Amino acid sequence: MSKVDATARAEVRRRRTFAIISHPDAGKTTLTEKLLLFGGAIQMAGAVRARKAARHAVSDWMKMEQERGISVTTSVMSFEYPIPGIPADAPDIERLANVNLLDTPGHADFGEDTYRVLTAVDSALMVIDGAKGVESRTEKLIEICRMRDTPVITFVNKFDRECLAPLELLDEIEDKLGIPCVPWTWPIGMGKRFKGVYHLVDQQLHLFKPSDKAGEDNLELSEGIPVSGIDDPRIDELLGDQADDLREDIELLEGAGAEFDREAFLAGKQTPLLFGSAMNNFGVRELLRTFVSLAPPPQQREAIVGKAAIEPPKPGDPVETRMIAAVDPEFSGFVFKIQANMDPNHRDRMAFMRICSGKFARGMKAHHVRLGRDVGMSNALAFLARSRELVEEAWPGDIIGVPNHGTIKIGDSFSGGSKLRYTGIPSFAPELFRRVLLKTPLKAKALAKGLRQLSEEGAIQVFKPLLGATWVVGAVGQLQLEVMKHRLLDEYSVEAAYEHVDFTTTRWVTPNLEGYAKQDLDKVMSNFKRKCEENLYVDGHDDLVYLAPNKWNMIKTEERFPELRFEATREHS
Ligand code: GDP
């Protein structure tokens, strides 16, 4: 193995790229801060809370410049953390994990962004409020994780308060999310009687001391107390009458018999479970250690290769795919998020690229596959603990920010020259629609530009009718529409009226290649376009979309054209 290979392997092996998923208020912000504090990225922690404050009210979303300033620094948070079990005198590249925590927008209306961030991670940390159990947004996010079999580690938070019984929580996670839990730590009491956790894997007792001031200067934690097993009399000395309750719980757990199975965990079919209180710094260090030792480094990813990576394949054309290993020497990555107009004077936009293989080195060019040309990457940014810095080198699992003027779209892939396109970055069918009626016709060009850019950013979806010329915009939530209106006015000086349109459902339409001959499909397609003209639009990617006034109409149309596929999500092409 050459030295380069060995370095690449080691760099990949130590990467941990993940996101936190939770229902609002479960403690994601608090836990993020605490992870950064434990990871030594102290200054970042303040920014996380500031960002949360800034997004508290809808009106605050309108302070776009400020908001985006903060959100860039907390979009990707990187820090190093020792990998348990590796000797302290080993070289850093073996000893320290390189953790990349990707932020997900908190507001439910921005779900689409969150979903796309989840395509760029290798694992997820699920935070559950111990008092509330599994909540709706967590269920949705887990569905997205399941699409890619993302491994999930679970932290049950707020055990310093009265919570649901831990065994009940376990059942609820298994029932509602369909993922069997493997307890890693187990709580001893809760609320006023919360004594700490028993670490089932390390056989240690971690005692809880409520912190008066749970902040940066309060990270001096007592080490776990080793015990010889659950019957060790020290447990009685330390826990008093709660020792027997703990023993009873452990006995029940052993009866339930969920053994840790690494394969099942890596396939997203089992989740290690830890308890604690993020606010009190309790259980966070154990969580971080467990996370760093269990969470997988970047894995291979599927890409479409060859011609189909550039143009959508014609009906009947074969589509060739390849699994690309993270240690493949050729550079590759894809863009999962775009943030526009961070500096309103320059209209610059930042494309967030997840590196999937190879090495990124400053000064190199990368091949922008969709446009078929090589582009310089000398101004790409890394998101290190303290600031945005120019990237010198980056490896699979890392995220780099590529400033551009609108040439890069969500879903674009970059390579060292090969034609390849990473799959699995979804668009979701919007549920709210407005027809955009310009107040001054002279602004038609500015409107088209603004809408195109906002849709490329993934902020909204735009639809151009096959018939007529009035744009329709679609959003997954109301807040997205508000932000769009504000930005069209503020950044593109477009004044428009937004007329309610009676669409409720969107389906992307493609020929059903299974079981139908190409000539027949061409005929069906042109018949379909003629018959359904007033409902047909093309989206920002020129893909055909059917907008339906109601569910019934959608069902009927689907029945009428069995030769066509109607899909509620669409991968970016
Ligand atoms: P997010 O909406 O998921 O980001 O939640 P936050 O981190 O902002 O937390 C929501 C609320 O729960 C805040 O008032 C926190 O102070 C509180 N909180 C977070 N962690 C804990 C905890 O461990 N115990 C208690 N009692 N409250 C917590």
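Leaving out residues within four places of it in sequence, Ala-131 touches Lys-158, Arg-161, Glu-162, Cys-163 and Leu-164. The model in which these contacts appear is a predicted one. Ala-131 itself sits in a loop, the one that links β4 (123-129) to α8 (136-147). Is Ala-131 buried or exposed, or something in between? With 17 C-beta neighbours inside 10 Å, it comes out as partly exposed, because a residue needs 20 or more such neighbours to count as buried and 12 or fewer to count as exposed. There is also a link to a more distant part of the sequence: Gly-191 is 60 residues away from Ala-131 along the chain, and the C-alpha atoms of the two are separated by 10 Å.

Stepping back to the whole chain, the protein has 17 helices and 34 strands. It runs to 573 residues, of which 43% count as buried. Among contacts with a separation of 6 or more, 72% are made by residues 24 or more positions apart.

The ligand has 18 residues around it. Lys-28, Thr-29, Thr-30, Ser-277 and Met-279 are the closest of them. Which element gives the largest share of this shell? That is helix α2 (residues 28-38), with three residues. Sorted by character, the shell holds eight polar residues, six charged ones and four nonpolar ones.

Next come some backbone angles. As a rule, most residues other than glycine have a negative phi. Asp-149 goes against that pattern, with a positive phi of about 50° although it is not a glycine. Its place is the loop between α8 and β5 (152-157). Asp-149 is exposed, since 11 other C-beta atoms lie within 10 Å, and 12 or fewer is the cut-off for that label.

Asp-542 is another non-glycine residue with a positive phi, here about 65°. It is found in the loop between β31 (536-539) and β32 (544-548). Asp-542 also counts as exposed, because it has 9 C-beta neighbours inside 10 Å. The two strands flanking this loop form a hairpin with four residues between them, and it is in this hairpin that Asp-542 takes its positive phi. β31 and β32 pair in the antiparallel sense over three bridges, and Tyr-537 has Val-545 in β32 as its bridge partner. β31 has a further partner in strand β27 (residues 461-465), again antiparallel and over three bridges. In that pairing, Lys-464 stands opposite Val-538 in β31.

A second hairpin joins strands β17 (residues 365-368) and β18 (residues 373-376), which pair in the antiparallel sense over four bridges. One of the facing pairs puts Ala-366 opposite Val-375 in β18. Four residues lie between the strands of this hairpin too, and the positive phi, near 65°, belongs to Gly-372. β17 is also joined by two bridges to strand β23 (residues 413-415), and these two run antiparallel. There, His-367 stands opposite Ser-415 in β23.

Elsewhere, three strands make up an open sheet in the order β13-β12-β24, with antiparallel pairing. Which strands form its edges? They are β13 (320-324) and β24 (420-422), each of which pairs on one side only. From one strand to the next, the twist averages 40°. Strand β12 (residues 301-305) is joined to β13 by five bridges, the two running antiparallel. In one of these pairings, Arg-301 has Ile-324 in β13 as its bridge partner.

Last comes helix α14 (residues 444-456), where a simple length check works out nicely. Its 13 residues should span 18 Å at 1.5 Å a residue, and the end C-alpha atoms are indeed 18 Å apart, so the two values agree. Which residues of α14 are buried? They are Leu-447, Gly-450, Leu-451, Gln-453, Leu-454, Ser-455 and Glu-456. In an α-helix there are 3.6 residues a turn, so residues three or four places apart point the same way. Just after α14, Gly-458 takes a positive phi of about 85°.

Notes: Residues numbered from 1 in each chain as written. Predicted model: local features only at pLDDT ≥ 70, side-chain atom pairs only at ≥ 80, totals over all residues. Near = placed C-beta within 6 Å. Nonpolar A, V, L, I, M, F, W, Y, C, P; charged D, E, K, R; others polar. Contact = placed C-beta atoms within 7 Å. Pairing = 2+ DSSP bridges. Expected span 1.5 Å × (residues − 1). Axes fitted to C-alpha atoms, helices over the stretch in contact; angles between N-to-C directions.
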